[in-house]
Amino acid sequence: MTGMLASVASFEEAKIALKHKVDIIDLKNPRLGVLGQLDKEIISSVVGLVNNRIPVSATIGDVEPNDPKLSNRIIKTANLGVDFVKVGLFNKKASDYFICLLYTSDAADERSSVDLGGRRI
């Protein structure tokens, strides 16, 4: 099955995406990088607008793999009600190297694991 993911950066853009019956709304701020994070107020308002009709994902920004606040940022974003949290781990020494993790709401409930390509780690 093919679906449509719409990346949006505002409440207004999310309304347009819903009107056009997208399959997933992806919340990010491209002005802050590839996986730039939106303000929590925007994330919460879009989650409320969608009201569980379709999945919503959100990013936490571009971070270094050893950032001590990484897990806290993931959990805080998951607690805003999104279905998926996207994490881009960028290493300053190798700018072309990165790892992308997908943190699901199930994993957020457990607070102990992350889904990585369908594998729970």
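Here is a walk through this predicted model, from its paired strands to its core and then out to a few loop residues.

Let's begin with strand E2, since several threads meet there. E2 runs parallel to E1, and four bridges join the two. On its other pairing, E2 runs parallel to E3, this time with three bridges. You can pick out individual rungs: valine 8 has leucine 27 as its bridge partner in E2, and leucine 27 in turn has alanine 58 as its bridge partner in E3.

How do you get from one strand to the next? E1, H1 and E2 form a β-α-β unit, and that unit is right-handed. Carry on along the chain and you meet another right-handed β-α-β unit, made of E2, H2 and E3. So E2 has a part in both units.

Now look at which way the side chains of E2 go. In a regular strand, side chains alternate between the two faces of the sheet. E2 shows this pattern: Ile24 and Asp26 point one way, while Ile25 and Leu27 point the other way. What may catch your eye is that all four of those residues, Asp26 included, are buried.

That brings us to the inside. The largest nonpolar core has 24 residues, and Ile25 and Leu27 are the members that touch the most others. Strands E1 (5–8), E2 (24–27), E3 (56–63) and E4 (84–91) each give two or more residues to this core, and so do helices H1 (11–19), H2 (40–50) and H3 (70–78).

Zoom in on leucine 27 and you can see who surrounds it. Setting aside residues up to four places away in sequence, leucine 27 touches Val8, Leu38, Ile43, Val46, Val56, Ser57, Ala58 and Thr59. Two of these names are familiar from the sheet: Val8 is paired with leucine 27 by a bridge, and Ala58 is the bridge partner of leucine 27 in E3.

Helix H3 is worth a look of its own. Its buried residues are Leu70, Ile74, Ile75, Thr77 and Ala78. Because they cover an arc of only 165° around the axis, they sit on the same side of H3. The spacing makes sense in general terms: an α-helix has 3.6 residues a turn, so residues three or four places apart point the same way. Take alanine 78, which belongs to this helix: with a relative accessible area of 10%, it falls under the 20% limit and therefore counts as buried. Its C-alpha atom is 9.7 Å from that of isoleucine 60, a residue 18 positions away along the chain.

Finally, the loops. Asparagine 29 is in the loop between E2 and H2, yet it is buried, at 16% relative accessible area. Beyond its neighbours within four places in sequence, asparagine 29 is in contact with Gly36, Gln37 and Leu38. Leu38 also turns up among the contacts of leucine 27.

Two other loop residues stand out for their backbone. Most residues other than glycine have a negative phi. Lysine 21, in the loop between H1 and E2, has a positive phi near 55°. Asparagine 52, in the loop between H2 and E3, has a positive phi too, about 65°. Are these two buried or exposed? Lysine 21 is exposed at 70% relative accessibility, and asparagine 52 is exposed at 67%.

Methods:
Residues numbered from 1 in each chain as written. Predicted model: local features only at pLDDT ≥ 70, side-chain atom pairs only at ≥ 80, totals over all residues. Heavy atoms only, no water. Core = buried A, V, L, I, M, F, W, Y, C linked by side-chain atoms within 4.5 Å. Buried < 20%, exposed > 50% of the residue type's maximum accessible area, 1.4 Å probe, protein only. Contact = heavy atoms within 4.5 Å. Arc of directions from axis to C-beta. Pairing = 2+ DSSP bridges. Right-handed = clockwise from strand over helix to strand, strands pointing away.
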